[in-house]
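Visitor: I have a model open and would like to learn how to read it. Where should we begin?

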Amino acid sequence: MKKSLFIAVMSFPLMLLSQSNLFKPQLELLNTQIKAIEISHFLMNEPANKDFNSKFKVLEFWATWCRPCLKAVPHLNKLQATFKDSNIIFLSFTYERPRKAAEAFRKVKFKTVVVSDTTKAIHKKLRIDMNGTMPLPRTALIDDENKIVWYGSPEKLNDNLILRFLKKEPIPN
């Protein structure tokens, strides 16, 4: 018992180091612009206007197998409700096919726009998918000029952070 505890305690800093290195490629993209957000399928809550270029965008990356992703959905639903009258769109992105993603809809009620990019083009462009490694859940904020301004975990997204985002104030990463 003591031996396994020692190994776990000793490996914890290594896990932190590898995670920070994992997010470094994403942070290098901050303040860069993207041209387009690729969507293969609208899965749920499809908006009438699909031109998101002049909107502030919250991109939430999730998968059906990711428990923390599904656990974050009510929090994102609440944030979306709070900012429903703002120039902001909440997009919940999966790379999974519609039939597979539908499994999650039986477990969790999404109120955000749920989309899929089965090509993983946006996942790769934003470095959510880095050669098969994909830290999920992951959130990216993209402003109304299509500039990437923040990466983080959905639990770190809160009213104050979104207000700063909408005002184009600096957001610490």
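Guide: This is a predicted model. Begin with strand pairing: strand E1 (residues 41-44) runs antiparallel to E4, with 3 bridges between them. To place the pair by eye, find His41, which stands opposite Ser116 in E4.

Visitor: Which strand pairs with E4 in the parallel sense?

Guide: Strand E3 (residues 88-94) does, over 4 bridges. Here the residue to find is Leu91, opposite Val113 in E4.

Visitor: What connects E3 and E4 in the β-α-β unit, and what is its hand?

Guide: Helix H3 (residues 98-105) belongs to the unit with E3 and E4, and the unit is right-handed.

Visitor: How do I read the side chains along a strand?

Guide: The general idea is that side chains in a regular strand alternate between the two faces of the sheet. In strand E4 (residues 113-116), Val113 and Val115 point one way, while Val114 and Ser116 point the other way.

Visitor: Are these four residues of E4 buried or exposed?

Guide: Val113, Val114, Val115 and Ser116 are all buried. The cut-off for buried is under 20% relative accessible area.

Visitor: How many helices and strands does the whole protein have, and what pattern do they follow?

Guide: The protein has 5 helices and 6 strands. Read along the sequence, the pattern is α-β-β-α-β-α-β-α-β-β-α.

Visitor: What share of the residues is buried?

Guide: Of the 173 residues in the protein, 43% are buried. The exposed surface of the protein is about 10,000 Å², and carbon and sulfur atoms supply 55% of that area.

Visitor: What share of the contacts joins residues 24 or more positions apart?

Guide: Take the contacts in the protein with a separation of 6 or more: residues 24 or more positions apart account for 71% of them. For a single residue to follow, take Lys125, which lies in helix H4 (residues 121-125). Leaving aside neighbours within four places in sequence, Lys125 is in contact with Leu29, Ile34, Ala36 and Glu38. Lys125 and Ile37 are 88 residues apart in sequence, yet their C-alpha atoms are 9.1 Å apart in space. Lys125 counts as partly exposed because its relative accessibility is 31%.

Visitor: Now the cysteines. Which ones form a disulfide?

Guide: Cys66 and Cys69 do, with their sulfur atoms 2.3 Å apart. The cut-off is 2.5 Å between the sulfur atoms, and the count for the model is 1 disulfide.

Visitor: Why is the disulfide called right-handed?

Guide: Look at the torsion about the S-S bond of Cys66 and Cys69: it is about 80°, so the disulfide is right-handed.

Visitor: Is Cys66 buried or exposed, and is Cys69 buried or exposed?

Guide: Cys66 is buried, at 3% relative accessibility. Cys69 is buried as well, with a relative accessible area of 2%.

Visitor: Let us turn to charged side chains. How many salt bridges are there?

Guide: The count is 7 salt bridges. The pair to look for is a side-chain nitrogen of Lys or Arg within 4 Å of a carboxyl oxygen of Asp or Glu. One of the salt bridges joins Lys100 and Glu103, whose closest N and O atoms are 3.3 Å apart.

Visitor: How far apart are Lys100 and Glu103 in helix H3?

Guide: Lys100 and Glu103 are 3 residues apart in helix H3, so about one helical turn separates them. Lys100 is partly exposed, at 37% relative accessible area, and Glu103 is partly exposed at 30%.

Visitor: Which residue forms a salt bridge with Glu145?

Guide: Lys168 does, with the closest N and O atoms 3.1 Å apart. This pair links distant parts of the chain, 23 residues apart: Glu145 is in the loop between strand E5 (138-142) and strand E6 (148-152), and Lys168 is in the segment after helix H5 (159-166). Glu145 is partly exposed at 45% relative accessibility, and Lys168 is partly exposed with a relative accessible area of 40%.

Visitor: Which residues are linked with Glu145 in a network of salt bridges?

Guide: Asp144 and Lys168 are linked with Glu145 in that network. Another pair to look up is Arg164 and Glu169, which form a salt bridge with their closest N and O atoms 3.8 Å apart. Arg164 is partly exposed at 34% relative accessibility, and Glu169 is partly exposed at 35%.

How values were computed: Residues numbered from 1 in each chain as written. Predicted model: local features only at pLDDT ≥ 70, side-chain atom pairs only at ≥ 80, totals over all residues. Heavy atoms only, no water. Buried < 20%, exposed > 50% of the residue type's maximum accessible area, 1.4 Å probe, protein only. Helix = DSSP H or I, 4+ residues; strand = E, 2+ residues; numbered from the N terminus. Contact = heavy atoms within 4.5 Å. Areas by Shrake-Rupley, 256 points an atom, 1.4 Å probe, with all protein chains shown as cover. Pairing = 2+ DSSP bridges. Right-handed = clockwise from strand over helix to strand, strands pointing away.
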